Amino acid sequence: MEKTMKAAFLPGNSMVVLKDVPIPEPSHGEVLIRMKSSTICGSDIRAIYREHLGKGPEGYQNKIAGHEPAGQIVKCGSGMRRFREGDRVVVYHISGCGLCNDCRRGYMISCTSPLRAAYGWQRDGGMAPYLLAEEKDCVLLPDSLTYTDGAQIACGFGTVYEGLEKIGICGNDAVLVVGLGPVGLATLMLAKTMGAQKLIGVDVTEERCRIAQEKKLADNVFVSGPDTLKDILAVTNGNGVERAVDCSGDTMGRQLSIRAARKWGKIAMVGEGGTVEFNPSPDIIHEQKTIYGSWVTSIWLMEEVVERLVRWNIHPEDLVTHRFTLDKVADAYSLMAEGKCGKVAVVFDEEVKK
Ligand SMILES: [Zn+2]
Ligand SMILES: [Zn+2]
């Protein structure tokens, strides 16, 4: 096997740099993964690619980028407890200490230890031919799911499933999704699969609305404007929706998701950054509404969503609109930053298609 590999780093200023780095050796409890698909997340663009804005858990420490990796284990260190060479895996994208209360709940995203390190932020991520991961961070990927399905479960679909589980989705619900980037599209896809009979999508970008329509993910899609709230009320008998999910992270988007929810409605906020302004008495108190915050997911819920995707026979990779090989990784990030696309994947080996 070769000794070095090209890996992508994000120095800021909307640049991507490919550098030669040594291929790592797995030590005790670690596995070396041959990368197959590594998708780009909105967080990468928001907190690293344009400028290094992230602090604390989002602080980028000049590591190999990419926190949505899926691949195949090609080498194991000593002390393996479950995984073997040849296993197809998704990596839960934060390596936690394993011992704090959050880790013990499976929410390594919230690990409170200084040992906490996110792949692609504080330790090397998936934008390279090989990734060194801890065995405990791996989730087995069934054969019926592709690696590009898996890469999206690593962050996006896990995050969405967590948010939808918090607000509860069933056949009684009209569901509004505000913000139709990859996470918003995934929310529509899962909410429908979980039984919602009426799906409404909203975005400021026409291209993103068109993707939701073309992929038949929503019954109604609105390019947001001054009348969007009225439009939503008009397609829900004047009542609004039972469940709303904000994936926009935008002040007006969040306000819309709150105001378009009907009495007793539940709202999940998943989109990051920004602020929100609303009037508590008319907007939530008198209408008996509940707002949930939801940050990523736990590794056990991620394992469950993997199992359910197989049962439901749906494929997250259907939301991928563009695939790039690693030598074109800079084009992949700039396309994602423009926001006129669905999910963007950097792919290797058999995942190189079209
Ligand atoms: Zn992500
Ligand atoms: Zn921890």
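This note goes through two zinc sites, two helix pairs and several single residues of a predicted model.

1. The zinc ion (ligand 2) is held by four cysteines, for its coordinating atoms are the SG atoms of Cys97, Cys100, Cys103 and Cys111, at 2.3 to 2.4 Å. Along the chain these donors follow the spacing C-x2-C-x2-C-x7-C. The angles among the 4 donor atoms run from 103 to 116°, and the site is tetrahedral. For a reader new to metal sites, a useful reference value is that the ideal angle for four tetrahedral donors is 109.5 degrees.

2. Which parts of the chain does the pair Cys97 and Cys111 link at the zinc ion (ligand 2)? Cys97 is in the loop between strand E6 (94-95) and helix H2 (101-104), while Cys111 is in the loop between H2 and strand E7 (117-118), and the two residues are 14 residues apart. With a relative accessible area of 8%, Cys111 is buried, because buried means under 20%. Cys97, at 21% relative accessibility, counts as partly exposed, because its value is not under that 20% cut-off.

3. The zinc ion (ligand 1) has a mixed set of donors, namely Cys41 (SG), His67 (NE2) and Cys155 (SG), which coordinate the ion at 2.0 to 2.2 Å. In sequence, these donor residues are spaced C-x25-H-x87-C. Cys41 lies in the loop between strand E3 (30-39) and helix H1 (42-49), and Cys155 lies in helix H3 (residues 147-167), so this pair ties together parts that are 114 residues apart in sequence. Cys41 and Cys155 are both buried.

4. Helix H3, which holds Cys155, also holds Gly156. Gly156 is buried, because its relative accessible area of 8% is under the 20% cut-off. From C-alpha to C-alpha, Gly156 and Thr39 are 9.6 Å apart in space, although 117 residues separate them in sequence.

5. How are H3 and helix H9 (residues 299-312) arranged where they pack? Their axes are 10 Å apart and make an angle of about 90°, and the two helices are therefore roughly perpendicular to each other. On the H3 side the contact is made by Ile153, Ala154, Tyr161, Glu162 and Glu165, and on the H9 side by Leu301, Met302, Glu304, Val305, Val306, Arg308, Leu309 and Trp312. Sorted by class, this contact has 9 nonpolar residues, no polar residues and 4 charged residues.

6. The second helix pair is formed by H1 and helix H10 (residues 329-338), whose axes are 10 Å apart and which pack at an angle of about 95°. That angle makes H1 roughly perpendicular to H10, because angles of 65 to 115 degrees are placed in that class. Gly42, Asp44, Ile45 and Tyr49 in H1 meet Tyr333, Ser334, Met336 and Ala337 in H10. By class, the contact of H1 with H10 is made up of 5 nonpolar, 2 polar and 1 charged residues.

7. Two residues deserve a look at their backbone angles. As background, most residues other than glycine have a negative phi. Ser14 has a phi near 55°, a positive value in a residue other than glycine, and its place is in the loop between strand E1 (4-12) and strand E2 (15-22). Gln288 likewise has a positive phi near 55° without being a glycine, and Gln288 lies in the loop between helix H8 (280-285) and strand E15 (290-293). As for accessibility, Ser14 counts as partly exposed at 37%, and Gln288 is partly exposed with a relative accessible area of 40%.

8. Glu134 is found in strand E8 (residues 130-134) and, at 24% relative accessibility, counts as partly exposed. Which residues does Glu134 contact when its neighbours within four places in sequence are left aside? They are Gly29, Glu30, Ser95, Tyr119 and Arg123. Between Glu134 and Gly77 the C-alpha to C-alpha separation is 9.5 Å, and these residues are 57 residues apart in sequence.

9. Thr205 has its place in the loop between strand E11 (198-203) and helix H5 (206-214). When its neighbours within four places in sequence are left aside, Thr205 is in contact with Gly339 and Lys340. The C-alpha atoms of Thr205 and Gly225 are separated by 11 Å, with the two residues 20 residues apart along the chain.

Key
Residues are numbered from 1 along each chain as its sequence is written. Chains are lettered from A and ligands numbered from 1 in the order in which they are written. This is a predicted model: local features need pLDDT of at least 70, side-chain atom pairs count only at pLDDT 80 or more; totals for chains, interfaces and linings use all residues. Side-chain values use heavy atoms; hydrogens and water are left out. Donors are N, O and S atoms within 2.8 Å of the metal (3.2 Å for Na, K and Ca); water is not among the atoms, so sites may look incomplete. Four donors count as tetrahedral if all angles lie between 85 and 135 degrees; four count as square planar and six as octahedral if opposite donors are over 155 degrees apart and all others between 65 and 115; anything else is irregular. Helices (H or I, at least four residues) and strands (E, at least two) are DSSP runs, numbered from the N terminus. Buried means under 20% relative accessible area, exposed over 50%, partly exposed in between (1.4 Å probe, protein chains only). Axes are lines fitted to C-alpha atoms, for helices over the stretch in contact, and angles run from 0 to 180 degrees between N-to-C directions. Angles under 35 degrees count as roughly parallel, over 145 as roughly antiparallel, 65 to 115 as roughly perpendicular and the rest as oblique. Contact means heavy atoms within 4.5 Å. Ala, Val, Leu, Ile, Met, Phe, Trp, Tyr, Cys and Pro count as nonpolar, Asp, Glu, Lys and Arg as charged, and the others, Gly among them, as polar.
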